[in-house]
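Here is my note on this model, point by point. Please read it with the structure open.

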Amino acid sequence: MSEKPRVLTGITTTGTPHLGNYVGAIRPAIAASQSAAIDSYFFMADYHALIKCQDPALVQQSAREIAATWLALGLDTDNSTFYRQSDVPEITELTWIITCVTAKGLMNRSHAYKAAVQTNEAESQDPDYGITMGLFGYPILMAADILAFNAHRVPVGRDQIQHIEMARDIGQRFNHLYGDTFVLPEADIDDDVAVLNGLDGRKMSKSYGNTIPLFLPEKKLQKMINKIKTNLLEPGEPKDPDDSTVFQIWKAFANKEQTDWMRQQFAEGIAWGQAKKELCALINTEIAAARDEYDRLLGDPGFVDQELKKGAEKARERAGRLLSEVKSAVGIPPLL
Ligand code: TRP
């Protein structure tokens, strides 16, 4: 029997999951976790979080919320491997080994690093101002995340493509120097998955402060949805669905019939307030049960930790085998 494809993705643990994360990443990943044809790995990139966030309470809170979110939504932790990056020391060991084959020039080209330098220059600061080695070497840690499991495919957003290419470069360099060891991963970009807009109509993103958190209590969810920017058209005036964030989010939760129905409502001039009510109800139907479970899990951290321990054990076992090979390849075999 041929090997199942290994599909791996990491979630940086800063911030609270929002509707955009859910539709773009979490929902498709949970579906993949339930598929017997795929060997999937999901992890919380808590060491990556330290690059952006040096508030311990926030780092911890965010990891809890994210783990509870994925579990509440039905992640199948028997059929997939779900863990915290920091619980798998093999990943950080591998990070050092591949750091030693990574050209500094490759890291100089990283978008995230270059953007930080540009911001400094624009503000007439020292180019290195506020830039840690963590930020500079971020793509190496990410390469280790992927290479440690010899993942074939990595579902990510477009902003992460460069990092996957760097992981390939690094893996290739290692293979060239030490013999075939790593699978070269491919970025998996799903063009059918919607990129949701946020309250202000720009892409929903924590950095724009325009997000709608996924698990708000229903009343708060409605209040948030009411803040979605709309035009000034009155009830009874026909509205353009394709120019509307309300409709765009509707589509991401609706089946074909519901989408057609709402399109019709727009043509007939549904009031914005009414459209927003319908939207809240639709989202609520999909997530209400998971939200209850989420609240329960936040009150039962022992259960969540148990799941994460189980995942870490599986992950360590697999990464450990590969790391032994890697260490032997570079001339650091186990002691006799
Ligand atoms: N850098 C990714 C992001 O910000 C998160 C991440 C860390 C990741 N390690 C990864 C994604 C490995 C895929 C594979 O979204």
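1. Start with Leu-50, which sits in helix 2 (residues 46-52). Note that the model is predicted. Leu-50 has a relative accessible area of 42%, so it counts as partly exposed. Gly-331 lies 281 residues away from Leu-50 in sequence. In space, the two C-alpha atoms are 31 Å apart.

2. Next, the domains. Domain 1 takes in 6-195 + 301-330, while domain 2 covers 215-295. Their centres, taken over C-alpha atoms, are separated by 33 Å. The two domains do touch: 11 residues of domain 1 are in contact with 11 residues of domain 2.

3. Now the ligand. Which residues come nearest to the ligand? They are Thr-12, Tyr-138, Met-142, Asp-145 and Gln-160, out of 14 residues around it. Three side chains deserve a look for polar pairs. Tyr-138 places a polar side-chain atom 2.6 Å from a nitrogen atom of the ligand. For Asp-145, an N or O atom of the side chain is 2.7 Å from a ligand nitrogen atom. Thr-12 has a polar side-chain atom 3.3 Å from an oxygen atom of the ligand.

4. How much of the ligand's accessible area does the protein cover? On its own the ligand has 370 Å² of accessible area, and the protein covers 89% of that. Strand 1 (6-12), strand 2 (39-45) and helix 7 (133-147) each give two or more residues to the shell. By class, the shell holds 8 nonpolar, 5 polar and 1 charged residues.

5. Helix 4 (residues 89-99) has a buried set: Glu-90, Ile-91, Leu-94, Thr-95, Ile-97 and Ile-98. What covers these buried residues? The cover includes strand 3 (80-84), helix 7, helix 8 (161-178) and helix 13. Helix 7 thus turns up twice in this note, since it also gives residues to the ligand shell.

6. Helix 13 (residues 301-330) can be checked at two places. Leu-308 lies in this helix. Is Leu-308 buried or exposed? Its relative accessibility is 7%, so it counts as buried. Beyond four places in sequence, Leu-308 touches Met-44, Ala-67, Phe-82, Tyr-83 and Arg-84. Thr-77 is 231 residues from Leu-308 in sequence, yet the C-alpha distance between them is 9.1 Å.

7. Ser-328 is the second place to check in helix 13. At a relative accessible area of 37%, Ser-328 is partly exposed. Apart from neighbours within four places in sequence, Ser-328 is in contact with Pro-333 and Pro-334. Lys-256 is 72 residues from Ser-328 along the chain. Their C-alpha atoms are separated by 55 Å.

8. Last, Thr-211. Thr-211 belongs to the loop between strand 5 (186-188) and helix 9 (218-226). Is Thr-211 buried or exposed? Thr-211 is buried, because its relative accessible area of 18% falls under the 20% cut-off. Leaving out neighbours within four places in sequence, Thr-211 is in contact with His-18, Leu-199, Met-204, Ser-205, Lys-206 and Met-224. Met-224, one of these contacts, falls within the bounds of helix 9 (218-226).

Notes: Residues numbered from 1 in each chain as written. Predicted model: local features only at pLDDT ≥ 70, side-chain atom pairs only at ≥ 80, totals over all residues. Heavy atoms only, no water. Helix = DSSP H or I, 4+ residues; strand = E, 2+ residues; numbered from the N terminus. Buried < 20%, exposed > 50% of the residue type's maximum accessible area, 1.4 Å probe, protein only. Contact = heavy atoms within 4.5 Å. Near = heavy atom within 4 Å. Polar contact = N/O pair within 3.5 Å; in protein donor to acceptor, adjacent residues only side chain to side chain. Areas by Shrake-Rupley, 256 points an atom, 1.4 Å probe, with all protein chains shown as cover. Nonpolar A, V, L, I, M, F, W, Y, C, P; charged D, E, K, R; others polar. Domains from an automatic or database assignment.
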